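Let's take a walk through a protein chain together, going from the whole to the details. Please have the sequence and the 3D view open as you read.

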Amino acid sequence: CNHFFALSAKAPYPFFRRRFILKKMHRAIRAVAAAQARRSFGSSAKRLFPVLYAKTHEWIDINGKNATVGISDFAQKELGDIVHVELPEVGRVLKAGEVFAALESVKATGECYAPVSGKVTEANKALADKPELLNKEPMKSGWICKLTDCSEPKGLMNEAEYARFCAEGGGH
């Protein structure tokens, strides 16, 4: 007990003042952490998985039972300038591994394979008018479709595994 009084006598603030300052610091730290979480994931998003990649170069961003699907940056670079996109129909039920979209570029044509099973709820209509969005922002505004009632992802890679896969030949 005497030890406590000896420490508090040397402190620049009285005990109650220090406690008040610590509470304010904790509140500020929690507020900053909450703001960073909102910036990173959106205010109500509950992200269960990171962005995952298929060996066929599609990416999927799963958020609960919903997902957004597109092609990877590696795929768009391999295809070159994309000039046409054939989008999936809204309401279509996809099975994992099934072709759901077709891409045409100045170099080649390519097909997109569903990384998981699910029902198409939205197709990116902007790609019909501006297929070059797939080249400019394949991971942002260049998404192809959104799915709901998604199955569990199987055989997909995280970002580091996918980068290694592409560096080793990328399935060519």
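The paragraphs below go from the overall chain to its cores, its aromatic rings and a few single residues.

This is a predicted model, in which local features need pLDDT of at least 70 and side-chain atom pairs count only at pLDDT 80 or more, while totals for chains, interfaces and linings use all residues. Residues are numbered from 1 along each chain as its sequence is written, and side-chain values use heavy atoms, with hydrogens and water left out.

Start with the whole chain. Six helices and nine strands make up its list of elements; these are DSSP runs numbered from the N terminus, with H or I over at least four residues for a helix and E over at least two for a strand. Of the 172 residues, 32% are buried, where buried means under 20% relative accessible area, exposed means over 50%, and partly exposed is in between (1.4 Å probe, protein chains only). The chain exposes about 11100 Å², and carbon and sulfur atoms supply 56% of that area; accessible areas come from the Shrake-Rupley method with a 1.4 Å probe, and for residues only the protein chains shown count as cover. A contact is a case of heavy atoms within 4.5 Å. Among contacts between residues at least 6 apart in sequence, 57% join residues at least 24 apart.

Now look inside. In soluble globular proteins, nonpolar side chains tend to be buried together. Here the largest nonpolar core has 27 residues, and those with the most contacts inside it are Ile60, Ile71, Phe100, Leu134, Ile144 and Leu147. The elements that give two or more residues to this core are β2 (58–63), β3 (66–71), α3 (73–79), β4 (82–86), β6 (99–105), α5 (133–136) and β9. Such a core is a set of buried Ala, Val, Leu, Ile, Met, Phe, Trp, Tyr and Cys residues joined through side-chain atoms within 4.5 Å. Click on isoleucine 71: beyond residues up to four places away in sequence, its contacts include Trp59, Leu79, Leu103, Leu134 and Ile144. Apart from the largest core lies another one, of seven residues, with Tyr53, Trp143, Tyr162 and Cys166 among them.

Next come the aromatic rings. Rings of Phe, Tyr and Trp (its six-membered ring) pair if their centres lie within 6.5 Å, and planes under 30 degrees apart count as stacked, over 60 as edge-to-face and the rest as tilted. By this rule there are two aromatic pairs. The rings of tyrosine 53 and tyrosine 162 have centres 4.4 Å apart and planes at 10°, so this pair is stacked. Because tyrosine 53 lies in strand β1 (residues 52–53) and tyrosine 162 in helix α6 (residues 159–167), the pair ties together parts that are 109 residues apart in sequence. Tyrosine 53 is buried at a relative accessible area of 8%, and tyrosine 162 is buried too, at 6%. Together with Phe165, Tyr53 and Tyr162 form one aromatic cluster.

Another ring has a charge for company: the charged end of lysine 146 sits over the ring of tryptophan 143, 4.9 Å from its centre. The rule here is that NZ of Lys or CZ of Arg is within 6 Å of the ring centre and within 35 degrees of the ring normal. Trp143 and Lys146 are also among the contacts of threonine 68, a residue of strand β3.

Some polar side chains are buried as well. Asparagine 135, in helix α5, counts as buried at 18% relative accessibility. Its side chain makes a polar contact with the side chain of glutamine 76 (2.8 Å), and a polar atom of the asparagine 135 side chain lies 2.8 Å from the backbone oxygen of glycine 80. A polar contact is a pair of N or O atoms within 3.5 Å; within protein, one must be able to donate a hydrogen and the other to accept it, and residues adjacent in sequence count only if both atoms are side-chain atoms. In strand β9 (residues 145–148) you will find threonine 148, whose side chain makes a polar contact with that of asparagine 66 (2.8 Å).

Finally, check the backbone. Most residues other than glycine have a negative phi. Histidine 57 has a positive phi of about 75° and lies in the loop between β1 and β2. Aspartate 149, with a positive phi of about 55°, lies in the loop between β9 and α6. Histidine 57 is buried at 10% relative accessible area, whereas aspartate 149 is exposed at 56%.
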